[in-house]
Protein chains: 2
Amino acid sequence: MVVGAGLAGARTARLLHDEGLRVTVLEARDEVGGRTLTRPLGASTFDLGGQWIGPAQKRVTRLVRELGLATFPTFTEGTKVFLDGARRRTYRGDIPSLSIPQLLRMQLALMGLERQRRRVSIVDPMTAPDAERLDAQTLETVRARYRLDPATRGAMDAAIRTIFGAEAADLSALFFLAYLDAGGGFMSLAGTRGGAQEERVVGGTQNLSRRLLDGLDVHVGEPVLQVRQDTHGVTVQSRTLHVRARRAVLAVPPTQRRTIAFDPPLPAARADLDRRAFMGSTVKVLALYDRPFWREAGLSGEVVSGRGPLSVTFDNTSYSGDQPALVGFVVGRHARELTQLSTEARRTAVLDPLAQAFGPLARRPSELILHDWASEPFVGGCPVSLFGPGALTSSSHALRAPEGRLHFVGTETAREHVGYLEGALESAERVLTEVRNALQTTGL
Amino acid sequence: MVVGAGLAGARTARLLHDEGLRVTVLEARDEVGGRTLTRPLGASTFDLGGQWIGPAQKRVTRLVRELGLATFPTFTEGTKVFLDGARRRTYRGDIPSLSIPQLLRMQLALMGLERQRRRVSIVDPMTAPDAERLDAQTLETVRARYRLDPATRGAMDAAIRTIFGAEAADLSALFFLAYLDAGGGFMSLAGTRGGAQEERVVGGTQNLSRRLLDGLDVHVGEPVLQVRQDTHGVTVQSRTLHVRARRAVLAVPPTQRRTIAFDPPLPAARADLDRRAFMGSTVKVLALYDRPFWREAGLSGEVVSGRGPLSVTFDNTSYSGDQPALVGFVVGRHARELTQLSTEARRTAVLDPLAQAFGPLARRPSELILHDWASEPFVGGCPVSLFGPGALTSSSHALRAPEGRLHFVGTETAREHVGYLEGALESAERVLTEVRNALQTTGL
């Protein structure tokens, strides 16, 4: 059986079903899809959760096609905007418009990170040279060595915040480097064309989980309270159901695993990881407009802002073009600050920088959605669970190790593209192999 | 009403009762006392949780007396042992026997920390000069600047691990300094005579909570599932009870608060703190012997070991002297490593260093208890919840702020002696004032 019907759980359930196994899926939320969440808005449908696919993400690209879905490119034509406090600058290319010395320092920092990340593997981060020393520092400590000026720091902060939903001060330097490595490097994670934000899914990404689970035995609204292992199998108790199975696949984020009572308890290293993981803080902002006025002004819709509250925005117009839209992210500390404001003050806080970037028309969206993932039940944040210093050093070996009849899936356990849809799928393939091997060896 | 019957909850309940208020207490565990836990062992009773009181801890000293309990000094006569890998050295005084250059560096590091901690107040750590930069670093990053040699580092690690149940790499430098400040400095927290380990309570510390709650309306075995606030009061739903009250005092560790559903949800900053807090990892080791053979050899029973698995030990003989005993701590990474071993291997892992320090007699305790607080239901670790980098910067203002009709108590919220019995009592006094003020202003 599978606990959790996000993309990782859905893909695992489908793979096990295709293997000829009987699979039951329990999902705590009232719908499947986890951190993918598609809603009809304005004249189209939009993703309130994960929405992008990059060219290096082969599994999800293939799956989209297999499930009969289509992709289309993120709109990137035109000039980009860099907001540095009250200053507004426009640029083209990948890196915000900075002075030559600023650019050199930024490049130096990026090259330094690139060199370091190539030595750190997500599969086993503790084998990196100097792994323990790197895990004893924050990303902020490592970055401080490059002595970036405020504008350059700001541009980099915007990218870090958007990728992780966190601050450089929150993250273990080792975890950061391993994560970069899993995703192909910093510029690849931050980029649109050629990067992780290159393509979107027509009709929304939640359809992936929906279609994968089509025809399977799925029960929504069933938060799991207890998982008990014995010599013959696993008993899973949810709100109203009691499921007995040979094996259980846990497809819930590590941070949510803490709410399940395990009998026997999970071993110390895994419990330690679950206890130390924290979800990124992300408020996804969708602003729908009657006209794509930024395109008409020669702007691509992409904004980078070092000071927040919006860290980045992109054009998010619907596939047909019928519903012009911008998408933005309020992330890390800005998300925590934003969600302490009244509803009206939150709107103003995101409309101000949009107007600064795109002009007064941006102040009048036909619809404005601020989706706070931190308050989403049974998820508790986005895009992914994170580790501060020290956690990997103690317990990284437990990240994806099966525990008796329990298997652990989810983008957090991926060996490629952690934190992305692709990672969820990679982890499902690993668990399929685990279960196959277990059934072959033990027959159970 | 009060949720949680650890020392903070017990003291708050008693204070509110003495105010003439009707107080109901719900406790998740089957007994009161939280992280104080007293058990009959051998010829006496011993504390498996918090057991010491320091001279600076005025409230708990007074309370012990008021409740008719007595204290007695931790035994410290004789020579101490410093284990540095295979090397065994003896010393007297507070700092393990190191060479003169080692001692100088250690003093320099301690003085540096002392200077820094005086600038950081636990009451409002973000007002410290450079607070944000300090919170963006780990304690390990700060300490690495002092370039300590392995032996000196080890001695310091042993103290850090024992105080926090964590590694220097796990802790925000700012959190560490604020914690030191709350407790009167590093040497005071690490020390026996004149320090936080000076006195013990005859009969055990769990009696404090028991006696405070004597005659009050206490329900054990009632984990709280939901806390709902409305304009007229608070409704608390536990396993079998449904309690309606004007106000609710939450006396559970921040890490346990995550398992309660709050309606309305807790504000972002508090939720962020609760999500980021992690409990220290501590296995408390009690070794009972027929004779205090270490005393007979002129040893005090105090060992400091930089390499683990035991970080420190002390003499722990019963008040009457009838039951000779040693107490030790396996903490931080060593706790995580130890609890992955078999029961037999765990015993060997702690008996080996005891024998190295005290000779072969130490290998044959009449009873050996390894109490792993991480696996203790509804507690999840000891001594205290900790913060890695970044958490205070984002959300420290929410640490002890009441939220409507909810008040937050516990040693984690203390303004003095955070992490100690004293801190629990200090926080109870603060909440009494909060509730008094609220009742006076609103009458509710």
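Every one of the interface residues of chain B, 100% of them, is also an interface residue in chain A, so the copies meet through the same surface. Keep in mind while you look around that this is a predicted model.

**How the two chains meet**

Let's stay with that contact for a moment. It takes 34 residues from chain A and 34 residues from chain B. On the side of chain B that touches chain A, the elements giving two or more residues are α5 (139–144), α11 (268–276), β16 (278–279), α13 (333–338) and α15 (391–395) of chain B. Of these, α11(B) has the largest share, with six residues. Sorted by class, this side of chain B has 13 polar, 11 nonpolar and 10 charged residues.

How do you get from one copy to the other? Rotate chain B by 180° with 0.0 Å of shift along the axis, and chain B superposes on chain A with an RMSD of 0.0 Å. The two copies are thus related as by a two-fold rotation axis.

**Inside chain A: two domains**

Now zoom in on chain A. The chain is divided into domain 1 (2–36 + 205–266 + 403–442) and domain 2 (38–94 + 191–203 + 281–382). Taken over C-alpha atoms, the centres of domain 1 and domain 2 of chain A are separated by 30 Å. Where these domains touch, 19 residues of domain 1 of chain A are in contact with 20 residues of domain 2 of chain A. On the domain 1 side of that contact, α9, α10 (254–257) and α16 of chain A each supply at least two residues. That side of domain 1 of chain A divides into six nonpolar, eight polar and five charged residues.

**A sheet in chain A**

Chain A also has an open sheet of five strands, paired in parallel, in the order β10-β2-β1-β14-β23. β10 (217–219) and β23 (406–408) of chain A stand at the edges, each with a single partner strand, so one side of each has no neighbour in the sheet. Elsewhere in this sheet, β1(A) (residues 2–3) pairs with β14(A) (residues 248–250), and A:V3 stands opposite A:L250 in β14(A).

**A helix with two sides**

Which residues of helix α2 (residues 58–66) of chain A are buried? They are A:V60, A:L63 and A:V64. These residues cover an arc of only 100° around the axis, which puts them on the same side of α2(A). Go round to the other side of α2(A) and you find A:R62, A:R65 and A:E66, which are exposed. The buried residues of α2(A) pack against β5 (52–53), β6 (71–73), β9 (199–201), α9 (206–213) and α16 (421–442) of chain A. After the helix α2(A) comes A:G68, with a positive phi near 75°.

**Strand pairs side by side**

Over in chain B, strand β7 (residues 79–84) pairs with β18 (residues 299–305) and with β8 (residues 87–91). Here they are next to the pair from chain A:

| Strand pair | Sense | Bridges | Residues opposite each other |
|---|---|---|---|
| β7(B) and β18(B) | parallel | four bridges | B:L83 and B:S305 |
| β7(B) and β8(B) | antiparallel | five bridges | B:D84 and B:R87 |
| β1(A) and β14(A) | parallel | two bridges | A:V3 and A:L250 |

What do β7(B) and β8(B) form together? They make a hairpin with two residues between them, and B:G85 in the turn has a positive phi of about 65°.

Note on methods: Residues are numbered from 1 along each chain as its sequence is written. Chains are lettered from A and ligands numbered from 1 in the order in which they are written. This is a predicted model: local features need pLDDT of at least 70, side-chain atom pairs count only at pLDDT 80 or more; totals for chains, interfaces and linings use all residues. A residue is buried if 20 or more other C-beta atoms lie within 10 Å of its own, exposed if 12 or fewer, and partly exposed in between; C-beta atoms are placed from the backbone. The arc is that of the directions from the helix axis to the C-beta atoms. Two residues are in contact if their C-beta atoms, placed from the backbone, lie within 7 Å. Two strands pair if DSSP finds at least two bridges between them. Ala, Val, Leu, Ile, Met, Phe, Trp, Tyr, Cys and Pro count as nonpolar, Asp, Glu, Lys and Arg as charged, and the others, Gly among them, as polar. Copies are superposed by least squares on the C-alpha atoms of residues with pLDDT of at least 70 in both. Domain bounds come from an automatic or database domain assignment.
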